[in-house]
Amino acid sequence: MADEVVVLLDFWPSMFGMRAKVALALKGIKYEYKEENLREKSPLLLKMNPIHKKIPVLIHNGKPISESLIIVEYIDEVWNEKSPLLPNDPYQKSQAKFWADYVDKKVYDSGRKIWTSKGEDQENAKKEFIEILKVLEGELGEKPYFGGENIGFVDVALIPFYTWFYAYEKCGNFSIEEECPKIVSWAKKCLEIESVSQSLSDSEKVYEFVLSYQKKLAIA
């Protein structure tokens with residue numbers, strides 16, 4: 001559809017924005033990327049997401065779609081000729097949405113606690129984070145991807161967090177791979193897909209961003 005205009009409003013370290021970038025790349029959709037300054041939000045962002053005023057926002061032919069998992073589902077439904085992310089079977093689809101929601105509710109908050117806390121609070125945060133990843137390892141089982149033989153909705157929901165693992169490890173002084181080798185092995189397999197690896201931010205740059213943010217929060 002040559003007349004389509006697709007724009008993504010994003011902030012480069014955001015794992016939520018990376019979800020949209022991965023989904024668009026898997027589908028082979030060309031789009032315009034607009035980097036947002038979250039301290040001085042653009043008039044376009046405020047216009048396109050007046051309720052939450054947050055990134056990411058996908059703008060498709062002038063119409064905005066907000067919230068990362070909703071964006072990924074929208075991308076999957078609109079451009080359904082290639083790389084299906086959600087199963088057709090209603091039950092399997094419900095399970096994929098459940099686990100993507102689990103990632104949303106659990107992984108972000110526990111990961112953030114690792115780099116925004118110290119001492120006993122940080123130790124508890126690391127323990128909680130590992131427990132969450134172990135639950136996800138149980139769901140992954142022996143499958144190459146959460147989506148089965150091919151990358152799917154849950155994979156797209158979770159893989160951007162892998163770019164933050166290095167920052168979590170450096171801030172928390174622990175090894176995620178030692179604790180959860182299956183998740184790290186899964187992530188490395190996902191990165192073998194060019195559409196995925198080229199859509200994710202550099203882990204060391206994310207760590208540098210975290211360090212600068214810690215100074216602003218007076219954590220470092």
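**Entry 1: W164 and F209**

I looked up W164 and found it buried, with a relative accessible area of 6%. I note here that the model is predicted. W164 sits in helix α7, and its ring partner F209 sits in helix α11, 45 residues apart. I read off the ring geometry of W164 and F209: the centres are 6.3 Å apart and the planes stand at 85°, so I logged the pair as edge-to-face.

I then checked F209 itself. F209 is buried too, at a relative accessible area of 18%. The cut-off for buried is under 20%.

F209 has another ring partner, F11. The centres of F11 and F209 lie 5.7 Å apart with planes at 70°, so this pair is also edge-to-face. Where do F11 and F209 sit in the chain? F11 is in the loop between β1 (6-10) and α1 (15-27), while F209 belongs to helix α11 (residues 203-216). They are 198 residues apart, and the pair links distant parts of the chain.

**Entry 2: the aromatic cluster**

I asked how many aromatic pairs the structure holds. The count is 17. I followed the ring pairs outward and came to a cluster that includes W164, F209 and F11. Its other members are W12, W115, F129, Y162, F165, Y168 and Y213.

**Entry 3: α7 against α11**

Next I took the helices that carry W164 and F209. α7 and α11 pack with their axes 8 Å apart, at an angle of about 50°. That makes α7 oblique to α11. The crossing of these helices is right-handed.

I listed the residues that meet. From α7 I have Y162, T163, W164, Y166, A167, K170 and C171. From α11 I have S203, E204, V206, Y207, F209, V210 and Q214. By class, the contact of α7 with α11 holds 9 nonpolar, 3 polar and 2 charged residues.

**Entry 4: α7 against α4**

α7 also packs on helix α4. I noted α4 as residues 90-116 and α7 as residues 162-172. Their axes are 8 Å apart and the angle is about 40°. α4 and α7 are therefore oblique to each other. This crossing is left-handed.

Which residues make the contact of α4 with α7? On α4 they are G111, R112, I114 and W115. On α7 they are W164, Y168, C171 and G172. I sorted the residues of this contact into 5 nonpolar, 2 polar and 1 charged.

I cross-checked the lists for W164. W164 appears in the contact with α4, and W164 appears again in the contact with α11. C171 is likewise in the α4 contact and in the α11 contact.

**Entry 5: α5 against α9, and I130**

I moved on to helix α5 (residues 119-140) and helix α9 (residues 181-191). Their axes come within 8 Å and cross at roughly 65°. I recorded the crossing of α5 and α9 as left-handed. L133, L136, E137 and L140 of α5 meet P181, K182, I183 and W186 of α9. The contact of α5 with α9 has 6 nonpolar and 2 charged residues, with no polar ones.

I stayed on α5 to look at I130, which is found in this helix. Is I130 buried or exposed? I130 is buried, with a relative accessible area of 9%. I left aside neighbours within four places in sequence and found I130 in contact with F174, E179 and C180. I130 and C180 are 50 residues apart in sequence, yet their C-alpha atoms are 7.2 Å apart in space.

**Entry 6: backbone oddities**

I finished with the backbone. The peptide bond from I55 to P56 is cis, with omega near 0°. P56 lies in the loop between α2 (43-48) and β3 (57-60).

I also looked up positive phi values outside glycine. Phi of S83 is near 50°. S83 is in the loop between α3 (68-78) and α4. I logged S83 as partly exposed, at a relative accessible area of 28%.

Phi of N173 is near 55°, again a positive value in a residue other than glycine. Where is N173 found? N173 is in the loop between α7 and α8 (176-179). N173 is exposed, with a relative accessible area of 69%.

How values were computed. Residues are numbered from 1 along each chain as its sequence is written. This is a predicted model: local features need pLDDT of at least 70, side-chain atom pairs count only at pLDDT 80 or more; totals for chains, interfaces and linings use all residues. Side-chain values use heavy atoms; hydrogens and water are left out. Axes are lines fitted to C-alpha atoms, for helices over the stretch in contact, and angles run from 0 to 180 degrees between N-to-C directions. Helices (H or I, at least four residues) and strands (E, at least two) are DSSP runs, numbered from the N terminus. Angles under 35 degrees count as roughly parallel, over 145 as roughly antiparallel, 65 to 115 as roughly perpendicular and the rest as oblique. A crossing is left-handed if the near helix is turned anticlockwise from the far one by less than a right angle, and right-handed if clockwise. Contact means heavy atoms within 4.5 Å. Ala, Val, Leu, Ile, Met, Phe, Trp, Tyr, Cys and Pro count as nonpolar, Asp, Glu, Lys and Arg as charged, and the others, Gly among them, as polar. Rings of Phe, Tyr and Trp (its six-membered ring) pair if their centres lie within 6.5 Å; planes under 30 degrees apart count as stacked, over 60 as edge-to-face and the rest as tilted. Buried means under 20% relative accessible area, exposed over 50%, partly exposed in between (1.4 Å probe, protein chains only).
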